[in-house]
Amino acid sequence: MPALPRPRRIVGVSLKMYFDLQSTLSYVRGVLQLDGDAWNARVDLFIIPDFVTLMESARILEPSHVIVGAQDTHWEDKGAFTGEVSPLVLQQAGARIVEIGHAERRALFGETDDSVAKKAGAAARNGLIPLVCIGEKTHHNIASAAVGMAVQECRPQVTSVLAAVPDDAEVILAYEPVWAIGAAEPADPDHVVNVTKELRKLAAGRAGVTRIVYGGSAGPGTFAKISEGVDGLFLGRFAHDIQNLKKVIQEVGGA
């Protein structure tokens, strides 16, 4: 039986809270210059700035194919939720992707699989693509056991999200083993491929596109080693250097 065609490749970066306002907008203008590189490489490119600069980032990138995202959302469109950001407003502000459930938010702000799923449903309801971060906290030193434990820990993270969004909604799963975030090296390629292959089976048969990206100390040379399992990369501080981001786009497009 021939393999099903894989989705279009994708590369993105989150700025978290590393840049100030002017630095963010300067970086966004730099990303704009990579639009042609990404388009020619047949790679979707996205950037996730902070909330304050989101509208201006969307304005700067409007002439391009670059996708703008937000770093979080609430699960309600309106209401008495002081300090939260509405998915409806994010959509109106120019966001097309919403990052949900990053390990930092799970650890620091108590997010759970249930709240992440509710946010994913709200994003999809408002025409946004949920980019849901998933990953295991622990890592077994025996490879075969590590894969099984990772899949077991990630399965409810994935199934709860898929149950919360329409079957035809696009979803991006960002596989980021918690133990690999900020590490000197990314997770072992065989581990990433074997885990993501199993996770992809959970989305089999969906009408909507489901893409899987890898995050967790990703950088040059990472994608070629794991392309059998993932559709792209979700980058961190490494890609805050525009030239590094350009290199990754070229690698993902050429792998």
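This report walks through a predicted model of one protein chain, from its overall build to a few single residues.

**The whole chain**

Let's start with the big picture. The chain holds ten helices and eight strands. Its C-alpha atoms fill a box of roughly 45 × 40 × 35 Å, taken along the principal axes. How does the radius of gyration of the chain compare with that of a compact globule? For 255 residues, a compact globule would have a radius of gyration near 18 Å, and the chain has 17 Å, so the two agree.

Next, look at how the chain packs. Buried residues make up 50% of the 255 residues. Among contacts with a separation of 6 or more, 71% join residues that are 24 or more positions apart. The accessible surface comes to about 11900 Å², and carbon and sulfur atoms account for 53% of that surface. The chain also carries 25 positive and 30 negative charges, whose mean positions are 3 Å apart.

**Two helices, α1 and α6**

Now pick out two helices. The table sets the expected span of each beside the distance between its end C-alpha atoms.

| Helix | Number of residues | Expected span | Distance between end C-alpha atoms |
|---|---|---|---|
| α1 | twelve residues | 16 Å | 17 Å |
| α6 (residues 113–125) | 13 residues | 18 Å | 18 Å |

At 1.5 Å a residue, the expected span of α1 agrees with its end-to-end distance. The expected span of α6 agrees with its end-to-end distance too.

Which residues of α1 are buried? They are Thr24, Leu25, Tyr27, Val28, Gly30 and Val31. The elements that cover these buried residues include β1, α2, β2, α3 and α10 (242–254).

Helix α6 has its own buried set: Ser115, Val116, Ala117, Lys119, Ala120, Gly121, Ala122, Ala123 and Ala124. You will find a lysine, Lys119, in that list of buried residues. Cover for the buried residues of α6 comes from elements that include α4 (87–93), β4 (97–100), α5 (103–109), β5 (129–134) and α7 (143–164). After α6 comes Gly127, whose phi is positive, near 75°.

**A closer look at Ala58**

Find Ala58 in helix α3, which covers residues 54–61. Is Ala58 buried or exposed? Its relative accessible area is 14%, and buried means under 20%, so Ala58 counts as buried. Leaving aside residues up to four places away in sequence, Ala58 touches Val68, Ala93 and Gly94. Ala93 is a good one to trace: Ala58 and Ala93 are 35 residues apart along the chain, yet their C-alpha atoms are separated by 7.6 Å.

**Two loop residues with positive phi**

Finally, visit two loops. Lys16 sits in the loop between β1 (9–14) and α1 (21–32). Lys16 is not a glycine, although its phi is positive, about 45°. With a relative accessible area of 23%, Lys16 is partly exposed.

Arg42 belongs to the loop between α2 (35–40) and β2 (43–48). Arg42 is likewise a residue other than glycine with a positive phi, here near 60°. How accessible is Arg42? Its relative accessibility is 59%, and exposed means over 50%, so Arg42 counts as exposed.

Technical notes:
Residues are numbered from 1 along each chain as its sequence is written. This is a predicted model: local features need pLDDT of at least 70, side-chain atom pairs count only at pLDDT 80 or more; totals for chains, interfaces and linings use all residues. Side-chain values use heavy atoms; hydrogens and water are left out. Helices (H or I, at least four residues) and strands (E, at least two) are DSSP runs, numbered from the N terminus. Buried means under 20% relative accessible area, exposed over 50%, partly exposed in between (1.4 Å probe, protein chains only). Contact means heavy atoms within 4.5 Å. The expected span of a helix is 1.5 Å times one less than its number of residues. The radius of gyration is taken over C-alpha atoms; the globule rule is 2.2 Å times the number of residues to the power 0.38. Accessible areas come from the Shrake-Rupley method with a 1.4 Å probe; for residues, only the protein chains shown count as cover. Lys and Arg count as positive and Asp and Glu as negative; His and the chain ends are not counted. The place of a charge is taken as NZ of Lys, CZ of Arg, CG of Asp or CD of Glu.
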